[in-house]
There are 2 protein chains.
Amino acid sequence: MPDPHQLDALLRPKSVAMVGASADVTRIGGRALRHLKEVGFPGEIYPINPARSEVQGLRAWPTIESLPVVPDCAVLTLPAEAVLPTIEACASRGVKGAVIFSAGFAEMGAAGAELQSRIRNVARKAGMRLLGPNCLGLYNMHANTFLSFSGIFDDVKGTAGRIGLVSQSGGYAGEVVKSALDIGLHFGTWITTGNEVDVGLGEALQFLVESDEIDVVVGYIEGVRDRDSFIAALATAHARRKPVILLKVGRTEQGAMAAASHTASLAGSDPVYDAVFERYGAYRARTTEEMLDVAYAASLGRYPRGRRLAILTNSGGIGVQAADFAADEDLVVSPASPALQQAIAALAPHGATENPIDLTGQVANDPPLFARALDAVLASGEFDMAYCNVGLIAGLPFIRDPLLTSMQDAANRHAQATVALSVTAPPDMVAAYSNAGYICVREPARAIAAMAALAHFPAAWDRALPGTTALNDVPRISAGSAFSEKEAKALLLQVGIVSPAEYVATDRDSAMAAASAIEAPLAIKIVSPDILHKSDVGGVALWIHPDDAPERIERMLREVAAALPDARIEGCLVSPMVAGGIECIVGINVDPVLGPVVLFGLGGVTVELLKDVATRLAPVDLTGAIEMIRSIRSFPLLNGYRGRPLADVTALAEAIVALSRFAVANAGVLTSLEINPLLVREQGIGVLALDAVIETRDSEAAASDRQ
Amino acid sequence: MPDPHQLDALLRPKSVAMVGASADVTRIGGRALRHLKEVGFPGEIYPINPARSEVQGLRAWPTIESLPVVPDCAVLTLPAEAVLPTIEACASRGVKGAVIFSAGFAEMGAAGAELQSRIRNVARKAGMRLLGPNCLGLYNMHANTFLSFSGIFDDVKGTAGRIGLVSQSGGYAGEVVKSALDIGLHFGTWITTGNEVDVGLGEALQFLVESDEIDVVVGYIEGVRDRDSFIAALATAHARRKPVILLKVGRTEQGAMAAASHTASLAGSDPVYDAVFERYGAYRARTTEEMLDVAYAASLGRYPRGRRLAILTNSGGIGVQAADFAADEDLVVSPASPALQQAIAALAPHGATENPIDLTGQVANDPPLFARALDAVLASGEFDMAYCNVGLIAGLPFIRDPLLTSMQDAANRHAQATVALSVTAPPDMVAAYSNAGYICVREPARAIAAMAALAHFPAAWDRALPGTTALNDVPRISAGSAFSEKEAKALLLQVGIVSPAEYVATDRDSAMAAASAIEAPLAIKIVSPDILHKSDVGGVALWIHPDDAPERIERMLREVAAALPDARIEGCLVSPMVAGGIECIVGINVDPVLGPVVLFGLGGVTVELLKDVATRLAPVDLTGAIEMIRSIRSFPLLNGYRGRPLADVTALAEAIVALSRFAVANAGVLTSLEINPLLVREQGIGVLALDAVIETRDSEAAASDRQ
């Protein structure tokens with residue numbers, strides 16, 4: 001467990017030296033000083049400026065060395081070349097933390113990266129924590145601390161919201177704060193990490209997740225540099241049931257290319273991020289709007305316990321739209337019970353009662369009708385959440401006040417209920433509904449998506465993380481090993497995944513022996529540790545009659561040797577053709593940043609062309625493996641689709657679990673592993689690995705990584 | 001071509017009788033009268049109220065009959081039971097149009113539907129056009145006409161925007177107008193069609209499409225009742241290159257169920273709507289926000305000629321996001337040429353030049369830099385559109401004015417360019433950029449989606465609609481016909497789609513003859529007009545050796561006869577097993593509302609489970625068929641994926657064209673047709689229909705439909 005006070009020198013400093021403080025408040029060094037002064041910082045501020053004895057009304061000091069006391073934190077608004085000497089001065093004085101705005105480091109190439117690493121070394125030796133360089137700094141309104149020259153200061157001064165932001169982009173972090181203000185959302189703690197010479201995304205997230213002043217954590221990610229601190233922060237959030245909403249860019253190939261040229265960091269594969277977020281229950285937003293909608297909804301603190309949605313409107317057309325949006329989000333618009341329908345019909349005789357519930361224009365004549373219907377819906381216990389579309393009547397004279405009052409009362413009567421509301425009314429009316437506890441988003445699609453996101457959180461928090469069970473029973477492999485198909489299958493057998501009976505034939509005699517032992521149509525494949533893609537070199541023959549096998553084997557040995565004269569050829573693998581069952585793919589990829597994931601999909605083109613694949617962080621437990629299997633769109637094929645037999649999903653899940661544990665035990669050595677196909681046979685009959693490829697890192701790389 | 005003045009009595013009336021006019025402006029009849037008075041209606045207004053001689057300062061009349069002149073239009077704010085006599089009075093006076101707000105008709109069940117159809121008959125006989133019942137009426141600011149009691153009146157009074165709305169939901173139509181005002185968009189003509197006893201969606205759309213006062217048409221659809229007028233309106237829009245943006249609900253199964261219970265209309269199948277929209281180039285929006293974003297973007301009238309997007313930012317992180325969003329919308333973030341990159345580098349030495357282009361924080365020091373970079377990008381001719389993220393600096397002192405001025409100048413220099421812009425600034429600043437021609441949407445994802453929608457329009461308008469070629473050469477079938485597989489294949493041969501050589505065997509002798517003629521592994525299938533799903537009753541045997549065929553055929557005849565004693569069995573179809581090629585599905589569905597569509601997908605589960613299917617309105621031409629083929633995600637399988645041979649896409653496209661023409665010629669009779677599998681063989685070798693099922697309507701239904 002990381003030390004929760006690691007970042008206090010940066011985020012809760014008792015005194016701050018502003019190095020490069022300027023009297024000109026249009027300049028960066030002047031702006032940063034003004035912000036810290038005006039935010040009501042309770043500690044001492046020491047402007048450092050060799051040319052002046054006073055800056056913005058505060059006594060100034062020429063250097064860090066000249067200060068009468070040691071400040072907790074130094075803020076550097078200096079050219080890149082002045083940073084290292086200043087950090088050295090801070091280090092020797094015992095300053096605990098520094099914020100470096102300056103650009104001109106790793107983002108500018110090798111020389112900058114070298115300078116950056118010298119700064120890191122100085123700080124590490126002194127135990128000083130650094131934020132930046134090339135960042136916009138931070139603020140923490142809960143400690144009246146604003147260490148940034150960002151133009152958002154005047155917008156956020158005097159607020160201390162319970163939402164926290166960490167962003168790898170400073171410019172974007174400012175945009176988020178501005179956009180949030182439009183929906184009444186205030187970020188209380190705000191951290192931009194820039195080049196992350198020391199403090200990275202993970203530690204910044206950890207601070208927010210552990211802060212008792214922050215209820216909802218929002219993050220913007222271009223690429224994680226330090227896996228362990230990132231995972232630790234997400235695990236803490238999971239344990240504390242604190243919602244984390246992340247916007248990770250580089251979702252698409254085009255975006256990933258742009259990200260690679262923008263950041264110096266190795267970004268990791270995007271689907272692996274999804275697997276990480278899934279494991280720890282972080283919500284991934286696609287857009288800033290979505291990120292803020294979900295943060296806003298979460299800030300109200302009312303989480304649904306399931307996915308059953310009631311829709312209430314005063315216009316049937318909008319109810320139909322809402323039903324579409326609910327389906328888009330996998331929410332269930334389940335029909336109201338006969339008793340509830342009767343209650344609704346008594347309120348709105350010409351309305352629709354089943355769900356979507358249409359209270360009709362009658363609401364305009366009798367505004368409290370809406371709240372009475374909502375009361376009935378919430379009291380019924382038949383739904384986990386409700387969406388109300390009240391529309392423009394919420395702003396009309398004669399209607400607005402009785403409508404609002406009755407809806408406020410309804411919200412009070414159901415203080416735990418998750419209810420979103422679309423009203424088309426002036427901002428003060430929207431704020432009144434929001435203050436009553438309604439999630440107010442005008443666009444129905446966004447309101448419903450926000451509720452679906454809320455439903456995601458408790459489901460994820462309730463799911464225990466896979467235990468870090470001992471992996472003593474798992475076989476280990478070494479870096480640089482090459483595996484023939486036979487060796488790969490032997491290894492799989494050690495983790496409990498069987499392959500068909502098979503023999504290695506090296507000449508006519510052993511071929512005849514194998515063929516007569518199997519007595520069925522045969523599959524024949526070349527065995528060589530040097531050949532990964534056997535069919536490319538004529539090393540595969542299928543459905544061979546046992547009588548024809550000896551001749552076919554001799555021919556294969558001859559042809560492959562001719563094609564690849566340098567390959568070590570150990571013979572031909574002879575096995576029975578196995579009919580029936582469904583061909584699947586189960587694999588392991590070890591992401592260079594985020595570690596091993598396990599993949600599952602059907603054979604053929606569904607994984608590659610149709611992207612019908614499930615990816616989870618390794619290890620997975622049996623429940624997780626079954627969820628993976630059920631999550632692909634092709635799952636019906638394993639589940640009796642059109643009269644097919646039920647496939648052995650349990651055996652498949654066990655194979656996934658076993659592989660995922662193998663991957664974790666060998667994460668430093670393994671690069672990838674693929675069983676393709678894994679034949680999944682009828683329920684009770686199990687699975688068979690028909691082919692397997694294992695790739696490992698070369699031993700030098702693995703060794704240098706361990707250093 | 002429909003008469004363009006059909007709806008003038010409703011939308012451009014010279015005089016209006018307000019039946020049920022009230023002095024109380026909080027009541028419906030009072031509100032509607034106030035709106036018409038205050039909108040500046042240039043013609044005579046005749047309040048009809050038997051209890052008063054004056055209403056709201058206007059002379060009132062007791063009845064329609066008592067009026068001194070015949071008004072163009074009557075507006076009925078009356079209880080349902082008073083509607084029929086009033087319409088009869090209007091009809092006998094020669095009133096040309098009526099708007100009926102009253103509810104209590106078809107939406108309330110059979111009695112209401114009966115009353116509604118009597119009203120229709122009266123109006124039809126008199127040549128009077130009706131809007132409603134159960135609607136919110138209409139307004140046409142271009143004729144100072146407001147025939148609605150909707151609460152939006154005070155918001156839209158005095159505006160006459162060049163955007164038109166038709167909506168099948170009155171309540172929703174009001175919400176759209178209010179939401180549009182927030183982004184500065186004004187609907188000039190607004191029509192709610194309600195129960196559509198007479199004027200439906202199609203005619204209302206036609207009015208807007210033909211109006212020279214309307215540039216952009218927006219529509220909300222729950223279900224089309226009259227195919228022909230709807231298609232005609234879309235065809236006119238295509239011919240006039242006028243953008244049509246539609247939100248159609250019931251996209252999902254859940255939404256479609258809600259729609260079915262909400263509207264009395266038969267909605268048609270949702271994918272068929274997509275096929276109709278695709279054909280005529282209408283843009284389908286998913287949400288109100290998207291619909292209004294696209295309408296707003298289209299209202300600026302700057303359409304891109306392709307899909308190459310330049311991204312310009314002053315924060316690299318937002319550029320990466322934008323690249324993701326562009327990929328989501330199939331826009332290409334192509335790299336800038338070396339010359340352009342050099343020009344950008346000269347402007348912003350520390351920026352990114354390739355695309356996304358990052359001008360860095362330097363813009364804050366030199367605001368016109370952004371416009372200079374945009375100039376270079378637009379002048380290069382390397383892009384079809386540009387997205388600029390300027391962010392919050394657009395609202396900062398010292399920056400806002402020089403930034404705006406320089407960007408206005410750039411927009412003027414490139415008057416045809418499509419450029420979207422995200423600024424985080426007060427509304428007046430946003431309006432200034434919008435007035436300069438920038439598509440101003442703050443959320444990058446929405447800005448980029450709106451530009452992608454704009455790119456869609458000219459591409460669709462440039463594509464000629466398939467000609468209504470003579471279908472004399474197409475064979476006709478009759479209602480109630482049943483087709484055996486053999487008959488179905490014979491019919492397919494008539495349209496040019498061949499099947500393998502085949503023979504019908506009825507006993508041991510004919511089986512032996514067939515087997516010896518084919519001399520290859522055989523496929524054997526039962527032939528019966530009464531059996532559609534042959535494999536379910538043991539009526540299919542594959543890969544049978546010719547020597548074994550006679551015995552196998554005898555057994556099949558015996559077993560099927562035992563399973564289905566009443567089925568007429570004509571024998572067994574004996575054909576060669578055909579190896580190689582890729583199994584596809586080509587089919588026809590005839591939608592009860594929107595007519596025949598043609599479908600294409602790969603065999604197996606990709607159509608049903610993975611929804612990898614292309615659906616187009618029939619007929620399609622060769623270009624359209626090739627587009628269909630290329631549009632599925634599995635297309636690479638036909639196109640040399642992983643060393644596979646190229647498939648005969650031309651022959652496949654020709655088969656699709658032929659089927660689609662067959663469907664149009666037999667639309668009244670055919671229900672569905674499926675060739676599954678259609679074996680698509682190597683380039684130049686053609687396609688083979690291996691199985692086919694044709695279903696027709698029963699003859700009574702087809703006959704009653706013709707009446």
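Which strands of chain B does helix α12 lie across, and at about what angle to β15(B) does this helix run? The points below, which concern a predicted model, come to this after the overall arrangement.

1. **The two copies.** Chain B is superposed on chain A, with an RMSD of 0.1 Å, by a rotation of 180° that carries 0.0 Å of shift along its axis. The two copies are thus related as by a two-fold rotation axis.

2. **The interface.** Of the interface residues of chain B, 100% are also interface residues in chain A, and the copies therefore meet through the same surface.

3. **Domains of chain A.** The domain assignment divides chain A into domain 1, covering 8-298, domain 2, covering 303-462, domain 3, covering 501-576, and domain 4, covering 582-706. Taken over C-alpha atoms, the centres of domain 1 and domain 3 of chain A are separated by 61 Å.

4. **A parallel sheet in chain B.** An open sheet of five strands, paired in parallel, follows the order β16-β15-β17-β18-β19 in chain B. Its edges are formed by β16 (357-358) and β19 (439-440) of chain B, each of which has a single partner strand, so that one side of each is left without a neighbour in the sheet.

5. **The pairing of β15 and β16.** Strand β15 of chain B, residues 309-313, runs parallel to β16(B) and is joined to that strand by two bridges. Within this part of the sheet, Thr313(B) stands opposite Asp358(B), which belongs to β16(B).

6. **The helix across the sheet.** To return to the opening question, helix α12 of chain B, residues 316-328, lies across β15, β16 and β17 (385-391) of chain B, and runs at about 160° to β15(B).

How values were computed:
Residues numbered from 1 in each chain as written. Chains lettered and ligands numbered in written order. Predicted model: local features only at pLDDT ≥ 70, side-chain atom pairs only at ≥ 80, totals over all residues. Heavy atoms only, no water. Least-squares fit on C-alpha atoms with pLDDT ≥ 70 in both. Contact = heavy atoms within 4.5 Å. Domains from an automatic or database assignment. Pairing = 2+ DSSP bridges. Helix = DSSP H or I, 4+ residues; strand = E, 2+ residues; numbered from the N terminus. Axes fitted to C-alpha atoms, helices over the stretch in contact; angles between N-to-C directions.
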